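Student: Could you take me through one part of this structure up close? I'd like to look at a set of paired strands and what surrounds them.

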Amino acid sequence: MLVVSPILILALHAVVSRYFTRYKPAVSRQIVCAICILIGHIPMAMSLWYFVMIDVQEALPTILYSLVVYNAIGYSYFHIFNMSETARRIRLLYELYLAGQLKSSDISSSYNPQDILLVRIDRLISMGQIKQADNRYILDGYFLYYVAKVVAFWGNLIKSPMMKLFVR
Amino acid sequence: MITWSILLIGFLIFLGSLCLHIIIWRINTPKNYFFALLVVFVAIPLAVGVIVINWLKVFYIAPIEWFSILFLYFSFVGAYILSYPAIQASCPSLLMLLIIGGSTSRGITYVELKSGFDSSALVETRLQDLIDSGFAVESNDYYTITKLGKLVLRPFMLLRKLLGLPMGRG
C-alpha cells in the first residue's frame, strides 16, 4: 500500500482539485493538496489495520514505519505539486518551451519581478499566512513563518544563505 | 513485519548522508547541485552499502529487510531533495515571511517589501541555474530549452493536466 500511495494521493488530488477549481476556486491550491495528503492517512490506516494488526505492541515499529514513510511520500508529493505551482524555474522552462527561444528582455517582460512578488503576496494571503491592514502586510498565521526560520537556519548551515535575495 | 532495527538503520544511513552533505557544502557548494545531491544521497550510500554487505560481512540483513530500509531511506531522501530548492534558490515566499515577521508590529508596506528584494536576482539567478543544470542554453542573449529541460518540464505539465489545472504562475 505504501508503494502505491503516491498514485493514491494523485488520484484523490485529481478528483478534489477539479471539485475545488469548479466550485471553490478561492481556496488555496496548496491547502487543497495538503488536505488530500491528510485524507490519504485513512486508507493507509485501514490497510495497516487489515493486513498487519495482530498485536499493537508487536506492530508498533510497522505503524511508525508506515506513518513516517507515508508522510515523507506525501511531503514529496506536496513539493512536486508546489513546484508545478510556484517554482520560478518551472515557469521559465515553460515560457521557453512555448516560445522555442526567448531573449532575456522578452523573459523580463512576460515574467517580471513585480509579478513574482504580487503572485506570492496573493498566495500567502489565501493561505492565511499574511494579511493586509491599512496598506501594510502583517503576519496572520505563524506556520510558514516558522518553516521559513527553519529553512533559513538550514541554509546557513550548508552555506546557502537564504537572505541572498534580500538587499538591505 | 518491520522491526526497530530497520527503522534505526534507515534513519542512520540518512543521517550519515546528511552529515556528508553538510560537510561537502560547507567546504564548497557544488554548482550543479542536483547532480551533487544524487552523488551524496544515492551513489555514495549505495557504494558503501555494497561494500558493507559483500566485503566486510559485518552483519546479515535479509533482502526483504534491505528493501524496507532502502524504501524508508529513499522516502527521506526524496523529501529532502525536493525541499532543497527552497533553501538553495532563496524561496521568495519564505523570504517575504521572514521580512514581514521581522518588521514592526505595524507591518510593512508593499513598497518597503519590494525594496527589500534584489529584483534582478529573482529571475536572472533562476535562468543561470537552468543553464548550470543543463536545462537551458544561452547563445547571443537568446535562451532555448534543452532536451533535458523538456524531460524535466513534461512530468509537471502532465501533473497539471491530470489535476485539471493550467500551468502554475511561478
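Tutor: Sure, let's start with the chain as a whole, zoom in on the strands, and then cross over to the other chain.

Keep in mind that this is a predicted model. Chain A has 8 helices and 3 strands. Read from the N terminus, its elements go α-α-α-α-α-β-α-α-β-β-α. The radius of gyration of chain A is 20 Å, while the globule rule gives 15 Å for 168 residues, so the chain is more spread out than a compact globule. You can see that in the C-alpha trace too, which spans about 65 × 35 × 35 Å along its principal axes. Of the 168 residues in chain A, 44% are buried.

Now for the close look. Find strand E2 of chain A, residues 130-133, and strand E3 of chain A, residues 136-139. These two pair in the antiparallel sense, over 4 bridges. To check the pairing by eye, pick out Lys131(A): it sits opposite Ile138(A) in E3(A). The hairpin has 2 residues between its strands, and Asp134(A) takes a positive phi near 50°.

Next, look along E3(A) and see where its residues point. Arg136(A) and Ile138(A) go one way, Tyr137(A) and Leu139(A) go the other, and all of them are buried.

E3(A) has a partner in chain B as well. That partner is strand E1 of chain B, residues 108-109, and the two pair in the antiparallel sense over 2 bridges. Here the bridge partner of Tyr137(A) is Ile108(B).

While you're over in chain B, have a look at the largest nonpolar core, which has 83 residues. Phe41(B) and Tyr80(B) are the ones with the most contacts inside this core. Helix H3 of chain B, residues 63-88, gives the most to the core, with 10 residues. Try clicking on Phe41(B): leaving aside neighbours within four places in sequence, its contacts include Tyr73(B), Phe74(B), Val77(B), Tyr80(B) and Ile81(B). Phe41(B) is also in contact with Phe14(B), Ser17(B), Leu18(B) and His21(B), and those four are among the buried residues of helix H1 of chain B.

One last thing to try on H1(B), which covers residues 4-27: at 1.5 Å a residue, its 24 residues should span 34 Å, and the end C-alpha atoms are 35 Å apart, which agrees.

Key
Residues are numbered from 1 along each chain as its sequence is written. Chains are lettered from A and ligands numbered from 1 in the order in which they are written. This is a predicted model: local features need pLDDT of at least 70, side-chain atom pairs count only at pLDDT 80 or more; totals for chains, interfaces and linings use all residues. Side-chain values use heavy atoms; hydrogens and water are left out. A nonpolar core is a set of buried Ala, Val, Leu, Ile, Met, Phe, Trp, Tyr and Cys residues joined through side-chain atoms within 4.5 Å. Buried means under 20% relative accessible area, exposed over 50%, partly exposed in between (1.4 Å probe, protein chains only). Contact means heavy atoms within 4.5 Å. Two strands pair if DSSP finds at least two bridges between them. The expected span of a helix is 1.5 Å times one less than its number of residues. The radius of gyration is taken over C-alpha atoms; the globule rule is 2.2 Å times the number of residues to the power 0.38.
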